[in-house]
Amino acid sequence: QDFCTECIQKGIRIDGRGVNDYRPVEVQLGLIVQANGSARLRLGASDVLVCVKLECETPDASTPDEGRLQVSVECSACASPEYEGR
């Protein structure tokens, strides 16, 4: 706590940036052609790639005014040294 308080008083962050300094940001869109949408965000050393796929189907006859949403998340094994698989 003393370290954090000292950094705030000096106006610096742990990584040496000032309180008003930001990490470089880069955004790229449409990288995955098989997806309906995709984006890559680089923020400093962080690198995130996301994609969205969509399939439209006819609703079940018993519930014609209801739909279904299915979400799936896949994490790359290189996402973090602590990541141990699925």
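Which residue in strand 2 does Val-27 stand opposite? I began my notes with this pair, and I found that Val-27 stands opposite Leu-41 in strand 2. Before going further I noted that the model is a predicted one.

**Entry 1, the overall layout.** I went through the elements of the protein chain and found one helix and three strands, which run α-β-β-β from the N terminus on. I then looked up how much of the protein chain is covered, and buried residues make up 7% of its 86 residues.

**Entry 2, the sheet.** I looked up how the strands are arranged, and found an open sheet of three strands in the order 1-2-3, with antiparallel pairing. Strand 1 and strand 3 are the edge strands, since each of them pairs on one side only. From one strand to the next, the twist averages 10 degrees.

**Entry 3, strand 1 against strand 2.** I followed the pairing of strand 1 with strand 2, which covers residues 37–43, and counted five bridges in the antiparallel sense. Besides the pair I began with, I noted that Val-25 stands opposite Leu-43 in strand 2. Is strand 1 largely buried or largely in the open? I found that zero of the five residues of strand 1 are buried, so strand 1 lies largely in the open; for this step I kept in mind that buried means under 20% relative accessible area.

**Entry 4, strand 2 against strand 3.** Here I found seven bridges joining strand 2 to strand 3, and the two run antiparallel. Within this pairing I looked up Arg-42, which stands opposite Asp-47 in strand 3. The hairpin of strand 2 and strand 3 has two residues between the strands, and in this hairpin Gly-44 takes a positive phi near 65 degrees. I next turned to Ala-45, which I located in the loop between strand 2 and strand 3. Ala-45 counts as exposed, because its relative accessibility is 82% and exposed means over 50%. I also checked Ala-45 against Pro-24, which is 21 residues apart from Ala-45 along the chain, and found their C-alpha atoms separated by 9.0 Å.

**Entry 5, a nonpolar patch.** Which residues form a nonpolar patch on the surface? I listed Tyr-22, Val-25, Val-27, Leu-29, Leu-41, Val-48 and Val-50, which together have about 720 Å² of accessible area. I then asked where these residues come from, and found that strand 1 (25–29) and strand 3 (46–52) each supply at least two of them. Strand 1 gives the largest share of the nonpolar patch, with three residues. The pair I began with belongs here too, as Val-27 and Leu-41, which stand opposite each other, are both among the residues of the nonpolar patch. From strand 3 I picked out Val-48 for a closer look. Val-48 counts as partly exposed, because its relative accessible area is 42%, and partly exposed covers what lies between under 20% and over 50%.

**Entry 6, the cysteines I checked.** How many disulfides does the structure hold? I found zero. I looked up the accessibility of two cysteines as well: Cys-7 counts as buried, at 9% relative accessibility, whereas Cys-51 counts as partly exposed, at 43% relative accessibility.

Key:
Residues numbered from 1 in each chain as written. Predicted model: local features only at pLDDT ≥ 70, side-chain atom pairs only at ≥ 80, totals over all residues. Heavy atoms only, no water. Patch = residues over 30% accessible without salt bridge, like charges linked within 9 Å, V, L, I, M, F, W, Y side chains within 5 Å. Areas by Shrake-Rupley, 256 points an atom, 1.4 Å probe, with all protein chains shown as cover. Salt bridge = Lys/Arg side-chain N within 4 Å of Asp/Glu carboxyl O. Buried < 20%, exposed > 50% of the residue type's maximum accessible area, 1.4 Å probe, protein only. Disulfide = S-S within 2.5 Å. Pairing = 2+ DSSP bridges. Axes fitted to C-alpha atoms, helices over the stretch in contact; angles between N-to-C directions.
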